[in-house]
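Open the model in your viewer and keep the selection panel at hand. The tour goes stop by stop.

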Amino acid sequence: MSHIPLVDLKTQYQRHRKEILDAVDQVFAEAAFIQGSHVERFERSFTERLGAAHGVACANGTAALSLALEALGVGCGDEVITVAHTFFATTEAILHVGATPVFVDVDPVTGTMDPAAAAAAVSPRTRAVVPVHLYGTPAAMDEIAAVCAAHGLFLVEDAAQAHFATYRGRMAGTLGDAGTFSFYPGKNLGAYGDAGFIVLRDAETAFRTRQLRDHGRTSKYEHGTVGYNQRMDGVQGAILSVKLRHMEAWTAVRRAHASAYDARLMPMGYEVIRPPEGVESCYHLYVVQVSNRSDVQKAMAEVGIDTGVHYPVPLHLQPALAHLGVPAGSLPVTERLADRVLSLPLCPELTEAQRERVCQTFLSVARP
Ligand SMILES: Cc1ncc(COP(=O)(O)O)c(C=O)c1O
């Protein structure tokens, strides 16, 4: 029985091999290895496509978050309200700038930050809120932005999984003071290595972000501040420009697969992660809840179907974050999701026949 991967990057490469190799060849021919014209071109086109004010390409999605926080002035002594139902990097970036993450619970349907919990967590030390558009489902941004406005807090969106997701007609990542993206290869818009991006609302913060990304440089030999080496490679900029041209079509296919999964699974009583009215996920992952996850994963693996768990250990229960002192049981929705979420194969290369095989196998073994 043929293998069905969670994400099929090999088939994607074969389909777009010529345009990708042509783009890479140009970078090598011009020796435009770090930043340079290919990165600048991608910066312009991604920023424009998002409808954002300013865009800064960088080395990865983790650096994107910490550069954005530092450029906004978030640092030692500050608290940042965020979620524990996410990839580790969200909190790592907050810790990298010297701030303290304060975890709040998530909504059980969208899996994203509960705005009421965020409001209740605001303290005199709170400086910023970092919601995560996990799986490509935008968080409740109007409500979270209202909390930020009421308390004078920065709003930084972790849009690492949310390329081309929309919230009431606007692109995820463009709704706060800053939004950050990852182009890790398996992301909806994935590089051929590490890469990331920061979207910014105001020009001054964008200037500081650019400076921090490149050793604090103001010119080749003058350093206005102490920064980092967090630049994007030319090859990644060139490949991302090629792939950006396909994003609209790829996102449409992902949404069609997701609604077909919904139609098969929801009537059978399964809870699936889904956005509310007026909000469109980009379906980085298709996530369903089950009560017998390891049995399902085993049965699907036996017939060659890959599944994933994003993520099995919430951040407040990670050994590295034990010093934050958040006990088990304190984030009940997060902990329940961590026990129950299962990601099914979803990518633009998935065929209808493959999706049907996934559904049949899943329904034969899963329990809601
Ligand atoms: C939600 C989230 N935040 C941050 C990151 C970090 O991105 P990167 O792996 O590019 O550093 C990722 C990606 O892995 C992610 O999924």
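A crossing of two helices is called left-handed if the near helix is turned anticlockwise from the far one by less than a right angle, and right-handed if clockwise. Keep that in mind for the helix stops. Note also that this is a predicted model.

**Stop 1: α2 and α8.** Select helix α2, residues 36-50, together with α8. Which hand does the crossing of α2 and α8 have? It is left-handed. The two helices pack at an angle of about 35°, and their axes are 7 Å apart. Now show side chains. From α2, the contact takes G36, H38, V39, R41, F42, S45, F46 and R49. From α8 come G234, G237, A238, L240, S241 and L244. By class, this contact has 6 nonpolar, 6 polar and 2 charged residues.

**Stop 2: α1 and α8.** Keep α8 and add α1. Here the crossing is right-handed. The axes come within 9 Å and cross at roughly 145°. On α1, pick H16, E19, I20, A23, V24, Q26 and V27. Their counterparts in the contact are G234, V235, A238, I239, S241 and V242 of α8. The class count is 8 nonpolar, 4 polar and 1 charged.

**Stop 3: A31.** Move to the loop between α1 and α2, where A31 is found. Check its backbone: phi is positive, about 50°, although A31 is not a glycine. Most residues other than glycine have a negative phi, and most peptide bonds are trans.

**Stop 4: H310 and Y311.** Next, select the peptide bond that joins H310 and Y311. Is this bond cis or trans? It is cis, with omega about 10°. Y311 is found in the loop between α10 (293-302) and α11 (332-340).

**Stop 5: the sheet.** Switch to cartoon and select the strands. The open sheet has 7 strands in the order β1-β9-β8-β5-β4-β2-β3, and the pairing is mixed. Why do β1 and β3 each have one side without a neighbour in the sheet? Both β1 (54-58) and β3 (100-104) stand at the edges with a single partner strand each, so one side of each is left free of a neighbour there. From one strand to the next, the twist averages 25°.

Zoom in on β8 (residues 178-182) and β9 (residues 196-200). They pair in the antiparallel sense over 5 bridges. Click S182: it stands opposite G196 in β9.

Then add helix α6, residues 141-151. This helix lies across β4 (126-130) and β5 (154-158). Relative to β4, α6 runs at about 170°.

**Stop 6: the ligand.** Stay with S182, which is also one of the residues that come nearest to the ligand. The others in that group are G61, T62, A89 and A160, out of 15 residues around the ligand. The elements that give two or more residues to this shell are α3 (61-72) and α4 (89-96). By class, the shell has 5 nonpolar, 8 polar and 2 charged residues.

**Stop 7: the two domains.** Zoom out and colour by domain. The domain assignment gives domain 1 (9-244) and domain 2 (247-365). Their centres, taken over C-alpha atoms, are separated by 23 Å. How many residues does each domain give to the contact? Domain 1 gives 33 and domain 2 gives 30.

Finish on the side of domain 1 that touches domain 2. Select α1 (9-30), β3, β6 (166-167) and α8 (234-244), the elements that give two or more residues to this side. By class, that side has 16 nonpolar, 13 polar and 4 charged residues.

Terms used:
Residues numbered from 1 in each chain as written. Predicted model: local features only at pLDDT ≥ 70, side-chain atom pairs only at ≥ 80, totals over all residues. Pairing = 2+ DSSP bridges. Helix = DSSP H or I, 4+ residues; strand = E, 2+ residues; numbered from the N terminus. Axes fitted to C-alpha atoms, helices over the stretch in contact; angles between N-to-C directions. Contact = placed C-beta atoms within 7 Å. Domains from an automatic or database assignment. Nonpolar A, V, L, I, M, F, W, Y, C, P; charged D, E, K, R; others polar. Near = placed C-beta within 6 Å.
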